[in-house]
Amino acid sequence: MLIRKPNDIPSSEITPEHVYINRRHFIGKSAGIALGGIAGAGAIGGATAAGWPGRAAAQTAQVGQRDWSTVRTELGEELNSFEDITTYNNFYEFGTQKDDPARNAHTLRPRPWTIEVGGMCANPGVYGLEDFIRPGTMEDRIYRMRCVEGWSMVIPWYGFPLKDVIDRAEPLGSARYVEFKTLLDPEQMPGQRARVLDWPYVEGLRLDEARHPLTILATGVYGQDLPNQNGAPIRLVIPWKYGFKGIKSIVSMTFMEQEPFNSWKRAASFEYGFYANVNPEVNHPRWSQARERRLGPNCGVFRCEQIPTMLFNGYVDQVAGLYAGMDLRVYY
Amino acid sequence: MNKKRRILLLKGLVWLLGLAPAVWLVWRGFTDRLGANAIEEVLHRLGDTSLIALLVALSITPVRRLTGWNILAPLRRPIGLFAFFYLTMHFLWYAVIDEELALEFIIEDVIERPYILAGFTGWLLLIPLAITSTKGWIRRLKKNWQRLHRLVYLSTGLGLLHFYWQVKADTYWPIVAITVMVVLMLLRIRPRKPGRERERTVAAERPRQEPLAD
């Protein structure tokens with residue numbers, strides 16, 4: 001996987017904020033047309049052989065979306081369609097069936113939105129979404145997403161490294177973890193009226209995981225704003241962990257010394273742990289994690305091949321170092 | 001309307017309702033309405049349908065007893081057979097479509113995953129019941145027929161366990177189904193009634209020579 005770091009990109013290429021904001025409007029109004037792709041991706045996207053678009057795609061989005069059909073992961077995998085990504089969701093705040101979020105999430109109001117940064121840090125504060133995101137750091141990231149339930153997708157996120165906001169918050173030396181919370185508002189999130197989970201949804205990362213360059217806060221998918229059912233307006237994406245770590249519709253970020261007690265661990269601690277790293281060797285107590293069903297273009301009604309699950313979801317070279325010496329069966 | 005015609009009408013209704021879920025699934029398949037994970041969607045809907053049919057079949061006798069509508073008795077067999085049909089489809093869909101007959105994975109699943117073992121056993125137990133659901137077998141097995149068909153309780157119980165164990169957190173529907181089962185079982189507990197009343201009850205039970213256990 002390739003990551004274009006901000007310092008690889010000449011400052012002339014960085015999208016100024018007004019352009020970025022315009023882009024939002026543009027896409028919001030003409031998503032249908034824009035997705036068709038007006039210009040060839042090769043010409044405008046600056047896509048590498050591995051399908052990494054970098055910043056240029058965002059910049060040129062004003063004149064037309066890139067042609068996503070040619071984009072692949074670093075392993076040559078095809079992307080899931082926008083429809084797959086936005087109609088098959090686990091977002092229990094809107095119901096527990098996969099099609100519930102797409103049907104029910106219209107009640108969420110993702111703007112205006114504020115995010116509270118607090119806990120053990122030198123620079124706490126409450127930010128409006130627009131101040132929280134720094135447009136200069138936005139990029140497309142094509143990641144595999146492996147759900148703990150045994151299916152997976154390939155998703156072109158649009159977002160920025162979590163490290164960026166962590167650095168701005170200046171966590172204290174004693175802070176070891178960061179905890180995230182989803183909005184708690186049964187009016188906007190009707191699923192919260194049922195006590196399926198202990199609301200609000202809580203997730204967390206160790207600070208080194210949170211600072212890892214692969215960890216991003218996503219605000220979009222396929223170059224457009226996140227649909228509500230995907231966790232608008234801002235969500236976490238940690239591609240080497242099971243999908244439930246990717247907390248959606250985040251309203252707070254808290255630095256702390258002790259390990260956050262994440263929702264699924266709270267619900268069933270011997271089935272779901274804090275780490276939740278994708279690992280084909282460590283089975284869920286009720287099902288195998290050795291294989292996964294890759295949804296998408298090659299998955300039909302009568303045939304949907306199961307593919308072997310990869311350690312750390314295929315990002316082993318980038319993240320294995322974070323867990324050196326740890327027994328992954330104990331810290332699942 | 002005479003009794004025969006009414007029974008025929010009711011049976012027609014059972015067939016219509018019994019085939020509807022299959023037709024619905026086929027229609028959704030053809031019109032691309034099964035979602036991104038179509039295989040799982042079909043698998044789950046087949047499983048739901050078989051459990052619902054089992055619970056409906058098990059409710060015939062208590063409903064009959066409460067209401068005196070003995071006309072419902074002949075519906076148990078077709079409803080039970082529909083339950084078996086959907087359960088068999090559920091298993092075949094899992095084994096052939098989902099696992100593509102990869103025996104090593106199927107065997108591992110059955111052995112290592114309690115919820116699959118429970119569901120698989122529940123299906124196995126229903127096979128002899130489906131086979132012996134004909135009038136000929138009722139005659140041949142005599143008293144044993146009823147004993148054999150009591151397996152339906154165990155089978156349904158295992159099916160409910162399978163349903164409950166496979167959900168991630170939202171146990172709402174499994175608990176609803178289990179509650180229905182518990183209520184149906186409680187309705188079957190009859191206090192021993194002395195004298196005439198008991199005789200009457202027993203007499204009302206006579207038309208029990210109908211397929212599928214109560």
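# Reasoning through a predicted two-chain model

User: A:Ser252 is found in strand β10 (residues 250-256) of chain A. Why is A:Ser252 called buried in this predicted model?

Analyst: Its relative accessible area is 12%, and buried means under 20%, so A:Ser252 belongs on the buried side of that cut-off. Along the chain, A:Ser252 stands 125 residues from A:Tyr127, and the C-alpha atoms of the two are separated by 9.9 Å.

User: What makes A:Glu187 count as exposed?

Analyst: A:Glu187 has a relative accessible area of 63%, and because exposed means over 50%, the residue meets that description. Its place is the loop between β5 (177-182) and β6 (202-206) of chain A, where its C-alpha atom is 7.7 Å from that of A:Thr107, a residue 80 places away along the chain.

User: How do you know that A:Asp164 and A:Arg168 form a salt bridge?

Analyst: Their side chains come to 2.9 Å, taken from N to O, and a salt bridge asks for a Lys or Arg side-chain nitrogen within 4 Å of a carboxyl oxygen of Asp or Glu, so this pair qualifies. Both residues lie in helix α7 (residues 162-169) of chain A, 4 residues apart, which is about one turn of the helix. A:Asp164 itself is buried, at 12% relative accessible area, and the buried residues of α7(A) also include A:Leu162, A:Val165, A:Ile166 and A:Ala169.

User: What makes the pair of B:Asp98 and A:Arg293 a link between two chains?

Analyst: B:Asp98 lies in helix α3 of chain B, whereas A:Arg293 lies in strand β11 (residues 291-294) of chain A, so the salt bridge joins two chains. The closest N and O atoms of the pair are 2.1 Å apart, which is within the 4 Å cut-off and therefore counts as a salt bridge. B:Asp98 is buried, and A:Arg293 is buried too.

User: Why is B:Glu41 called buried, and B:Arg45 partly exposed?

Analyst: B:Glu41 has 19% relative accessibility, which falls under the 20% cut-off and therefore counts as buried. B:Arg45 has a relative accessible area of 24%, which lies between 20% and 50% and is therefore partly exposed. These two side chains meet in a salt bridge of 2.9 Å, N to O, and they are 4 residues apart in helix α2 (residues 38-67) of chain B, about one helical turn.

User: How many salt bridges does the structure hold?

Analyst: Over all chains, the structure holds 32 salt bridges.

User: Why are α8 and α9 of chain B called roughly antiparallel?

Analyst: Helix α8 (residues 151-166) and helix α9 (residues 172-188) of chain B pack at an angle of about 160°, and since angles over 145 degrees count as roughly antiparallel, the two helices are therefore described in that way. Their axes are 9 Å apart, and the crossing is left-handed. Chain B as a whole has 10 helices and 0 strands, and 46% of its 214 residues count as buried.

User: What makes B:Met89 suitable for a surface patch?

Analyst: Patch members need over 30% relative accessible area, and B:Met89, at 32%, passes that limit while counting as partly exposed. B:Met89 lies in helix α3 (residues 76-98) of chain B, and together with B:Phe85, B:Leu92, B:Val96 and B:Leu101 it forms a nonpolar patch with about 410 Å² of accessible area.

User: Which backbone features of chain A stand out?

Analyst: Most residues other than glycine have a negative phi, and most peptide bonds are trans. A cis peptide bond joins A:Trp199 and A:Pro200, with omega about -5°, and A:Pro200 sits in the loop between β5 and β6 of chain A. The bond from A:Ala232 to A:Pro233 is also cis, with omega near 0°; A:Pro233 lies in the loop between β8 (224-225) and β9 (235-237) of chain A. A positive phi is found at A:Ser249, near 40°, and at A:Asn313, about 55°.

User: How do you know whether A:Ser249 and A:Asn313 are buried or exposed?

Analyst: A:Ser249, in the loop between β9 and β10 of chain A, has a relative accessible area of 0% and is therefore buried, the cut-off being under 20%. A:Asn313, in the loop between β12 (306-308) and α10 (316-319) of chain A, has a relative accessible area of 1%, so by that cut-off A:Asn313 is buried as well.

Conventions. Residues numbered from 1 in each chain as written. Chains lettered and ligands numbered in written order. Predicted model: local features only at pLDDT ≥ 70, side-chain atom pairs only at ≥ 80, totals over all residues. Heavy atoms only, no water. Patch = residues over 30% accessible without salt bridge, like charges linked within 9 Å, V, L, I, M, F, W, Y side chains within 5 Å. Areas by Shrake-Rupley, 256 points an atom, 1.4 Å probe, with all protein chains shown as cover. Buried < 20%, exposed > 50% of the residue type's maximum accessible area, 1.4 Å probe, protein only. Axes fitted to C-alpha atoms, helices over the stretch in contact; angles between N-to-C directions. Parallel < 35°, antiparallel > 145°, perpendicular 65-115°, else oblique. Left-handed = near helix turned anticlockwise from the far one by under 90°.
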